[in-house]
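Got the viewer open? Here is a walk through the structure, one selection at a time.

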Amino acid sequence: MTIFGRKLCCLMKYFLLVFLMVWGSMSTQAQIFYLDLTYQVLTVPLRVVTVEQVVDGRAGNPPIGIAYRGLGGKSVAIQFQQGLGPELTAFVQSQLPARPTDHVVVLCLRRLQLTETLGGNKELALADMTADVYERLPDGYHFVQSVAAQASSRGSEVTYQHAAHMAQMLSRCLGQLTQADWSAVAARPVRTLAALPVDVPASLASGRRGTSVAVLREAPRRGLYYRFEQFLANRPDTSQAFLLDTIKRRTYHSWLATVQWKNVARVRPLVRTRAGGRMRAIPPDLWGFSDGQQVFVKYEKQFYPLMRQGNFFTFVGEAPLDLFFEQAQSQAAGRAGLVAGAVGAALARTNVPDHTAEPMAYGLDMSTGAVVSYPSLRTPLRPDTAYVYIYRPAQAVGAEEVQVLVNGQEIGALRAGQYLEVPWARFGSPLQLCLNGVAVNNPCQHVVPNAWRLNYLKINTSKNAHVWQWMPPAKGSADLDELDRRTK
């Protein structure tokens, strides 16, 4: 090759390298959607606070959301260009200037997630936010209360609706402080500003409501809950008769989720349109329901059984969209676009697992009704081992053995009149229980065992009966005493 040819080749390589660097930079930028709150407005009637600062207290500081952009529906991360804390602080302060009579507070975000769901001609935008509020007093920062809000909307293109959802949630959260007990704030522990992101407010750890609410003192009444307050008061709507309907669980994009939810019942209540009429699905605004023994809460359009944990409740639902997996997929697709053929296909693959829709533990905030991940920073630590007693009554139908499996491993077999003790030391982790060796529908379930007291689970393999029946501690203990007496 001539000297001119070598120079031309080097020059072409240089320009190609520059092009790839510029393209890669543009591709990286295109993978981010920056949230712009410039044209949003906060509306907080009867406001009593001014926000000194918004602090990011989310564990691990994950992306705040994933949006789908362009004709191909490419996933991109949702971020604030100047950072979550600085931009929200500037926005709130510009919208709500300080006044001499205001309480000066810090808003510490514990959860913020913006998501989009694609399907048909309409997209669904969902937003969820929870935060702890601290008042600045002369000696430091004191916890006031938790606040929470959600927002959603549909449209042909919903990405630009996230900004409006952020403003709505901030307005609702700040509006909840009009009922705060400001006189009690000074008596609570003092914290520095730097300590707020990892703080666990003592009043949260001990359960602010105590056992004062009716649902913690009484057996659940059968009926429909249209509001969180009806659940707390144990006063469901009893005007409509309903049946518990078991429906087929959907197939998930994640293979891990499909396997883990296999054989777990998915239920819904059906009400009768009129006397002797057809059964129909319940109204979309239903909060939850009780069949007289078990309370079910509605979350992301599905119903899950609640499990009591001291002075609050947990349930096992589907994990949200795995933002880290989506981000890894988007980055892999960007790399693959640089190279064609088999090499490009290899670059498009990622080893990051997709945990979307896997069984995940959630907690129900008894102050706001918000659903948060469990355990979280607001969860009182309870490292004690939980105990689940699984038993079959002495008069159980059939003499066949029923194998009991915990997270896929057989731990024992039960005949009529026998029971097993299952210790569970993995605090806050979902426990999968399954039955084998008997022809029953939905032989599996997920639950977070109660570490505050013993758990009693009766197995019923009769036809058309609920397989799993959680028993009140007093009743379960009496049943086991009777089984022991019969054995002796």
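Start with a single residue: does Gly155 count as buried or exposed? At 9% relative accessibility, Gly155 counts as buried. Keep in mind throughout that this is a predicted model.

**Stop 1: Gly155 and its surroundings**

With Gly155 selected, colour strand E7, residues 140-155, which is where Gly155 lies. Now add Glu123 to the selection. Glu123 and Gly155 are 32 residues apart in sequence, yet their C-alpha atoms are 5.4 Å apart in space.

Next, colour strand E6, which covers residues 123-137, and pick out Asp132 within it. Asp132 has a relative accessibility of 1%, so this residue counts as buried. Show side chains here and look for Arg110: the side chains of Asp132 and Arg110 make a polar contact at 2.9 Å.

**Stop 2: the whole chain**

Zoom out for a moment. The chain has 488 residues, and 47% of them count as buried. If you switch to a cartoon view, there are 9 helices and 27 strands to find. How much of the contact network joins residues at least 24 apart in sequence? Among contacts between residues at least 6 apart, the share is 67%.

**Stop 3: the sheet with E20**

Select residues 386-391, which make up strand E20. Then bring in its sheet: an open one of 4 strands, ordered E23-E20-E26-E27, with mixed pairing. At the edges you'll find E23 (419-424) and E27 (468-471); each has a single partner strand, so one side of each has no neighbour in the sheet. Turn the view along the sheet to see the twist, which averages 25° from one strand to the next.

How do the partners of E20 run? On one side, E20 and E23 pair in the antiparallel sense over 6 bridges. To see one of these bridges, select Ala386 and its partner in E23, Trp424. With E26, strand E20 runs parallel, and 4 bridges join the two. Here, try Ile390, which stands opposite Leu457 in E26.

Why is E20 described as largely enclosed by the rest of the structure? Because 5 of its 6 residues are buried. Now add helix H9, residues 473-487, to the view. H9 lies across E20, E23, E26 (455-459) and E27, and runs at about 55° to E20.

**Stop 4: a second open sheet**

Move to another sheet of 4 strands, also open, in the order E16-E17-E18-E19 and with antiparallel pairing. E16 (307-309) and E19 are its edge strands, each pairing on one side only. The twist in this sheet averages 40° from one strand to the next.

Zoom in on E16 and E17, which run antiparallel and are joined by 3 bridges. Select Gln309 and you'll see Phe312 of E17 standing opposite.

**Stop 5: aromatic rings**

Stay on Phe312 and show its ring together with that of Tyr374. The ring centres are 5.9 Å apart and the planes stand at 55°, so this pair is tilted. Phe312 and Tyr374 are both buried. The pair also links distant parts of the chain, 62 residues apart: Phe312 is in strand E17 (residues 312-318), while Tyr374 is in the loop between E19 (371-373) and E20.

How many aromatic pairs does a search of the whole structure find? The search gives 20. For a cluster linked by ring pairs, select Tyr225, Phe228, Phe231, Trp287 and Phe313. Then look for Arg222, which lies over the face of Phe242, at 4.3 Å from the ring centre.

**Stop 6: a hairpin**

Finish with strands E14 (residues 295-299) and E15 (residues 302-305), which pair in the antiparallel sense over 4 bridges. Val297 is a good one to click on: opposite it, in E15, stands Tyr304. Follow the backbone round the hairpin, where 2 residues sit between the strands. Which residue there takes a positive phi? Select Glu300, whose phi is near 50°.

Conventions: Residues are numbered from 1 along each chain as its sequence is written. This is a predicted model: local features need pLDDT of at least 70, side-chain atom pairs count only at pLDDT 80 or more; totals for chains, interfaces and linings use all residues. Side-chain values use heavy atoms; hydrogens and water are left out. Two strands pair if DSSP finds at least two bridges between them. Axes are lines fitted to C-alpha atoms, for helices over the stretch in contact, and angles run from 0 to 180 degrees between N-to-C directions. Contact means heavy atoms within 4.5 Å. Buried means under 20% relative accessible area, exposed over 50%, partly exposed in between (1.4 Å probe, protein chains only). A polar contact is a pair of N or O atoms within 3.5 Å; within protein, one must be able to donate a hydrogen and the other to accept it, and residues adjacent in sequence count only if both atoms are side-chain atoms. Rings of Phe, Tyr and Trp (its six-membered ring) pair if their centres lie within 6.5 Å; planes under 30 degrees apart count as stacked, over 60 as edge-to-face and the rest as tilted. A charge sits over a ring if NZ of Lys or CZ of Arg is within 6 Å of the ring centre and within 35 degrees of the ring normal.
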